[in-house]
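Work through the exercises below with the coordinates open. Each task is followed by a stepwise solution.

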Amino acid sequence: MKIALGQINPTVGDLAGNADRMVRYAREASAAGAQLVIFPELAVCGYPPRDLVEKPSFLDRVQQELARLARETAGLPTAIVCGFARRHEGTGKTAANCAAFLQQGEVRFVQQKILLPTYDVFDEGRNFTPGDRQDVWPALGRRLAITICEDVWNDKQFWERRLYPRDPVEELVAQGADILINISCSPYHMHKRQLRRDMLAAIARRHRLPVVLVNQVGGNDQLVFDGASFVLDPEGNVRALARSFEEDLVFYDTDTNSGDLHDTFPDECEAVYQGLVLGTRDYVRKCGFERVLVGLSGGIDSSLTAVIAADAVGPENVTGIGMPGPYSSPGSIDDSRALAQSLGIRFDLIPINQPYNAFLDVLGPVFAGLPADVTEENLQARLRGVTLMALSNKFRALVLTTGNKSELAVGYCTLYGDMCGGLAVISDVPKTLVYELARVANRRRPGAIPEPVFTKAPSAELRPGQKDSDSLPEYDVLDPILKAYVEENESPESIARRLGPPLDLVRRIARLVDGNEYKRQQAAPGLRVTSKAFGIGRRFPIAQKFRE
């Protein structure tokens, strides 16, 4: 049997568009001789649909588009497996996450997802009712075990601690399955692709079955899906592989145990960069924008954001805005201009000195007798935020914020200032990784980011001679502490013992993280690339008194 892996990029809620995309891929697969084409989880409606599934009209239209997909592929000799959401009757939630087997214009079989994740970025228990059983489906001369994403993530021989008492794969194998199919929407984070492959390879070897995984690709809100669909033989060897971070159609022949092996991004830093490009492109386009704005400070963060933006939507759709203030260095302006010229993006210079002085005059009587402090620093950042948002309104361009994960973690950012914008492109990228990604950017676009940007000391330039290290430890010290505290929930005492920094320093960093939750919950949505991002995957209360 020749199987096609239809790795597509659905848009949440674009029901007709998603169905059209599957019709197109199914016809292409059929023309290449495939007997079966497989599409991702919830491919008809896009993932994650979240509370859209609470709308009866939404579920009705999903059903209509599924029926149309069946009708428009009725003349093909190729069967289809795809994911969709349908109404659920009886107790529990009103929707179910399902897989459909379509053949000759009909929905021949439906499988309901059993394991509904409610951890990290997932909240499927809020929206769906789990299935109570799964069945093998005999078709195309095979006994197909059709599973949906999480249903394969509970192998007792792979995980030290399982999350569920049931293993749907084990149950299907006991029914005589001879090929395991998993339709998936497995979001990307660093090293997730290898984990996914290792886990399914263990299942293939344990049950002596070929495994077919078809994963969604694309960006939906804060989540980036890498695709990287594959086929494993019963020994766990990769026999077919789809590209990472782009749509693809891959073929595998069960008789010859061979298939297409397409290029991916084996270097994880390259993969992160490409994930940010894809996430930015899809967020901008799927939200209906064409153009973006980036505030260029001459620093490494805004430079990296600008290069990602140029790769995502094209240089012609990116405008860099330089907003020098009283403490901006000439080099920062020069570096911003050089970056813009190298990228081929528009660059506008809008100094904030005049409005800043005007505000100081207006506030002078109220501030009389009080020393200058962070208030005056934040005023500069907020004037830049006002400037960017005015341009956004006037030219209908989305503002991309440029803050990194290290700054956001400890609150080294200004609400309604540098945090203004519609998408926080690198908000899940630690500062040390920013430098690595900037080198990736320069390999792709040689010399795009001027070398002085890499070598100058990081600074917000909001007071004379200011450096980030005045307020924070050096980033090569700070970032491992943040990773341990934020991503691994390690205690300050454990971090100090394991990594070696003074306990007082670790405790201070932990207090900064805990005390700035209110800022993070007002930040623009950011693209997730690490195992624990601020936002959808990390939910802490703002008004609370617990401290480490």
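Buried means under 20% relative accessible area, exposed means over 50%, and partly exposed lies in between (1.4 Å probe, protein chains only). The model is predicted: local features need pLDDT of at least 70, side-chain atom pairs count only at pLDDT 80 or more, and totals for chains, interfaces and linings use all residues. Residues are numbered from 1 along each chain as its sequence is written, and side-chain values use heavy atoms, with hydrogens and water left out.

**Exercise 1. Place L36 and classify its burial. Then list its contacts.**

Step 1. Assign the element. Helices (H or I, at least four residues) and strands (E, at least two) are DSSP runs, numbered from the N terminus. L36 is in strand β2.

Step 2. Apply the cut-off. L36 counts as buried because its relative accessibility is 0%.

Step 3. Find the partners. Contact means heavy atoms within 4.5 Å. Setting aside neighbours within four places in sequence, L36 is in contact with M1, K2, I3, A4, T78, A79, I80, V81, F101, L140 and I181.

Step 4. Check one long span. L36 and P452 are 416 residues apart in sequence, and their C-alpha atoms are 54 Å apart in space.

**Exercise 2. Take L140, one of the contacts of L36. What is its phi, and how exposed is L140?**

Step 1. Locate L140. It sits in the loop between β6 (137–139) and β7 (142–148).

Step 2. Read the backbone. Phi of L140 is near 55°, a positive value in a residue other than glycine.

Step 3. Classify. L140 counts as partly exposed because its relative accessibility is 30%.

Step 4. Repeat for F245. This residue lies in the loop between β13 (238–241) and β14 (248–253). Its phi is near 70°, again positive in a residue other than glycine. F245 is buried, with a relative accessible area of 3%.

**Exercise 3. Examine two prolines, P48 and P165. Which peptide bond is cis, and is P165 buried or exposed?**

Step 1. Check omega. The peptide bond from Y47 to P48 is cis, with omega near 0°.

Step 2. Locate P48. It lies in the loop between β2 (36–38) and α2 (56–72).

Step 3. Locate P165. The loop between β7 and α4 (168–174) holds it.

Step 4. Classify P165. At 78% relative accessibility, P165 counts as exposed.

Step 5. Take a distance. P165 and N154 are 11 residues apart in sequence and 8.6 Å apart in space, C-alpha to C-alpha.

**Exercise 4. Describe the surroundings of V410.**

Step 1. Assign the element. V410 is in helix α11 (residues 405–410).

Step 2. Classify. V410 counts as buried, at 5% relative accessibility.

Step 3. List the partners. Residues up to four places away in sequence are not counted; V410 then touches L472, L478, L482, I509, L512, V513 and N516.

Step 4. Take a distance. V410 and G515 are 105 residues apart in sequence, yet 8.1 Å apart in space, C-alpha to C-alpha.

**Exercise 5. How many cavities of 30 Å³ or more are there, and what lines them?**

Step 1. Fix the rule. On a 1 Å grid over the protein atoms alone, a cavity is a set of points where a 1.4 Å probe fits but cannot get out; a pocket is an open set with protein on both sides within 12 Å along at least five of seven lines; lining residues have an atom within 4 Å of a point. Grid points are joined across faces, edges and corners, and a volume is the space filled by probe spheres set on the points.

Step 2. Count. There are two cavities of 30 Å³ or more.

Step 3. Take the largest cavity. Its volume is about 110 Å³. Its lining includes T401, N404, E407, L408 and S427.

Step 4. Take the second largest cavity. Its volume is about 40 Å³. L408, S427, D428, G526, L527, R528, A533 and F534 line it.

Step 5. Turn to the second largest pocket. It holds about 570 Å³ of space. Of its 21 lining residues, Y119, D120, W153, W159 and L163 lie nearest its centre.

**Exercise 6. What share of the chain is buried?**

Step 1. Count the elements. The chain has 17 helices and 20 strands.

Step 2. Give the share. Of the 548 residues, 57% count as buried.

Step 3. Add the extents. Along its principal axes the C-alpha trace spans about 85 × 50 × 45 Å.
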